[in-house]
Amino acid sequence: MHLRVGGLARAYPSRSCAGCRAHSFSTSHLRRSVIIHAGHVQSLNESTNALVSFSTETHNLDFHGPLRNLTVAIKDNICTMHLPTTCSSGMLREFTSPFDATAVEFLKAGGANIVGKANCDEFGMGQLSTNARLRRSLNVNSIHGPVVNPYYSPNEKSVPWAERERRSAGGSSGGSAAAVAAGMCDAALGTDTGGSVRLPASYCGITGLKPSYGLISSRWGVVSFADSLDCVGVLGKSVDTVKTVFDSISSYDPKDPTAAAPRTRERAKASAESLLSTLDVNSSSPDLSSLRIGIPQEYFPSELNTTIVTAVRKVLERLSSLGAQLIPVSLPSTPYALSAYYVIATAEASSNLARYDGVQYGWYSFPSAPGADKSKPGNVYAHTRSAGFGAEVRKRILLGTYALTADAFDNYFLQAQRVRQRIKTDFDSNFRIPNAQLSDPSPNPDGVDILLHPSAIRTAPRLDSDAISGLGPYLQDVMTVPASLAGLPAVSVPAGLAADGWPVGVSIVGQWGSDELVLCIGNVIERTSDKDNSNLS
C-alpha cells in the first residue's frame, strides 16, 4: 500500500518478508501507532518541507533496545533499504538502496523507529556557494524545495504561520534539524562536511553533534561528497538524546576503511575519562574547577553580531561561576581554513561524482534535444550530468576538476593539504589531552581541555536571497570548518536568544576522541541555561 500525501513528499511502505506476516497483538498495536504518528508527522511537514518520504512500518523493531522509545529521521543521503535515497538530486530521484547504511543498521538494532527521510541540499552541498548572494548554507539546493525553519520568535506567537517570517533551517542537514525542531521526531541523522550539522542546529535551536572523524561509520552506505571530511552526525532536542543515539551508532565498522581502530578508540576514551573523573558534572551544582576552557580569539571577528557575543558571554559566565577556568588561546591558521576547505572538498566531490554518468550510476531518462548526437558516450554523459545535477553541484565539480589538473595540483590541492596539517597542529598544540591518533603523542600540561566559541556569526537568515550578501556567509562557515578539517568532535548547543528572538548556538570542540567530554559540557550548558523551549511550532 502506497500512502499518498500532499506537497512534495511521499510515503513508502517497507519491504516485508513472508515470515514476518504473522504479527502479535502488541506488534499490530505498535504498527497502528506508527501509522497514526506518520499521519501526524505529515501534517507537521506541510509547513516545513523537512521530510521527503515517510515510513509507515515498524521494520521488526527490537522492543528492548536502548533506542526503543525514540523516533529518528534519516538524512536523504544516507542509504535505507525501505525508503528512497535521492540525495535531493534529479540524478538519483528513482533510487532505493538494496541495503542499509551501517549507522541505520545500528539504529534499527537499537530499536529506533525511523519515521522518514529528511530533506537536504543536493548531495549534501549546502555550504560555500561561490555566488556571494545566493543559496549558501540555506538548504535550498534541493529538488524537493527549500526547508523552512519551524522556529518562531516570541514576538510572532500570535501571528498565523502563513504570515510569519520565513527563515532558513540551515544546510545541508536542514531537513534533519527542522524535523527535530518541529517535533516530527526525537532525533535525526545528518552529515557534517564543513558545518552541515552544527549550523542547522544553531539556527533551529537544537543540539547537533559532529563526532570525531572515524567514530561513526560514514563510508558504508553514506553517499559521498568529500570522503576525508564527511561525518555522520546526530541532531536532537537535548544533549541526552544526542548522546543516547551517538552511543548506539559509534561502534567500529570493518566495512568502513576510514573507521578508527578499536585500540585507538580505547586510548582516546581513556584520556577523556581521566579528565571526566575529576569533574562533577551530574549534580545540580556541577563542579568544573579542574576544567580549562580555551576561548579562540580568531572566532570572534568584528562581523560577529553583538547579541551573539552577549549570549556566548552569558554561557562563559555560567561556566566560570561553576569553577571552570577561561583561557584565551590562538589558532593562527584559522584564516586559511576556508580556502583549504574549498579546494579539498570540491576536489573530492569532483572525483566522487564522476561515477554518475547515467550508465553505470544515476538515473538516465532526461529527454535529449531533437537531433542530439548520441553516437559518442561523452555526449550522453554530458547530457545526463547537465540535466541530472543542479547548478551548485555542477559548479563544484568544475572547481574541483580544475584543482586536480596537472597545472593546479601543486599550487592548490597540495597546498590546501599543507594548510590542513597546520590547522591540525594548531589544535594539538592547544589541547591538554594528547591526540590518540598520533604514534607518539606528547601531552601539553598547560593546554586547555575544550574550546568554546559561537556556532555562527548571526541567527538564521531569511530565505529570500537578498538577506545573504557580503562576507557574512563565508564567516558563518569559518566558525565550523576548522574542526572539520582537523576531524575533531564539535557539538552545538542552544545558548539563548538573540535580540531578534531567534536561537543562538554555542559550539564546544574537543580533542579527537573526546566526544563524551564535549557532550558532558554541552549537557552542563543545557541544564544551567534559562532558554525558552516554548518557541517551536
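Of the 537 residues in the protein chain, 59% are buried. The model on the screen is predicted. Display the whole chain as a cartoon to begin the tour: 14 helices and 12 strands are present. Among contacts in the chain with a separation of 6 or more, 76% join residues 24 or more positions apart.

**First stop: the annotated residues**

Select Lys-75, Ser-172 and Ser-196, where UniProt, in an unreviewed entry, places the feature "active site". These residues are spread over 122 residues of sequence, yet they cluster in space, with a largest C-alpha distance of 11.3 Å. Of these residues, Lys-75 is included in the lining of the largest cavity.

**Second stop: the two serines**

Keep Ser-172 selected and colour the elements on either side. Ser-172 lies in the loop between β4 (113-118) and α3 (174-181). Is Ser-172 buried or exposed? Ser-172 has a relative accessible area of 0%, and buried means under 20%, so Ser-172 is buried.

Turn next to Ser-196, in the loop between β5 (187-192) and α4 (198-204). The relative accessible area of Ser-196 is 1%, under the 20% limit, and therefore this residue is buried. Now show the atoms of both serines: a polar atom of the Ser-196 side chain lies 3.4 Å from the backbone nitrogen of Ser-172.

**Third stop: helix α5**

Select residues 239-249, which form helix α5. Which residues of this helix are buried? They are Val-239, Thr-241, Val-242, Val-245, Phe-246, Ser-248 and Ile-249. As a guide to reading such a pattern, an α-helix has 3.6 residues a turn, so residues three or four places apart point the same way. Add the surrounding elements to the view: the buried residues of α5 are covered by elements including α2 (102-109), β5, β6 (207-210), β7 (231-236), β11 (490-497) and α14. The strand β5 was met at the previous stop, before the loop that holds Ser-196.

**Fourth stop: helices α6 and α14**

Finally, select helix α6 (residues 262-276) together with helix α14 (residues 515-528). Two packed helices are described by the angle between their axes and the distance between the axes. Here the angle is about 35 degrees and the axes of α6 and α14 are 8 Å apart.

Show the side chains where the helices meet. From α6 come Glu-273, Leu-275 and Leu-276, and from α14 come Glu-516, Leu-517 and Cys-520. How many residues of each class does the contact of α6 with α14 have? There are 4 nonpolar and 2 charged residues, and no polar ones.

Terms used: Residues numbered from 1 in each chain as written. Predicted model: local features only at pLDDT ≥ 70, side-chain atom pairs only at ≥ 80, totals over all residues. Heavy atoms only, no water. UniProt positions renumbered as here; feature names shortened; annotations may be inferred. 1 Å grid on protein atoms, 1.4 Å probe; cavity = no way out; pocket = protein on both sides within 12 Å on 5 of 7 lines; lining within 4 Å. Helix = DSSP H or I, 4+ residues; strand = E, 2+ residues; numbered from the N terminus. Buried < 20%, exposed > 50% of the residue type's maximum accessible area, 1.4 Å probe, protein only. Polar contact = N/O pair within 3.5 Å; in protein donor to acceptor, adjacent residues only side chain to side chain. Axes fitted to C-alpha atoms, helices over the stretch in contact; angles between N-to-C directions. Contact = heavy atoms within 4.5 Å. Nonpolar A, V, L, I, M, F, W, Y, C, P; charged D, E, K, R; others polar.
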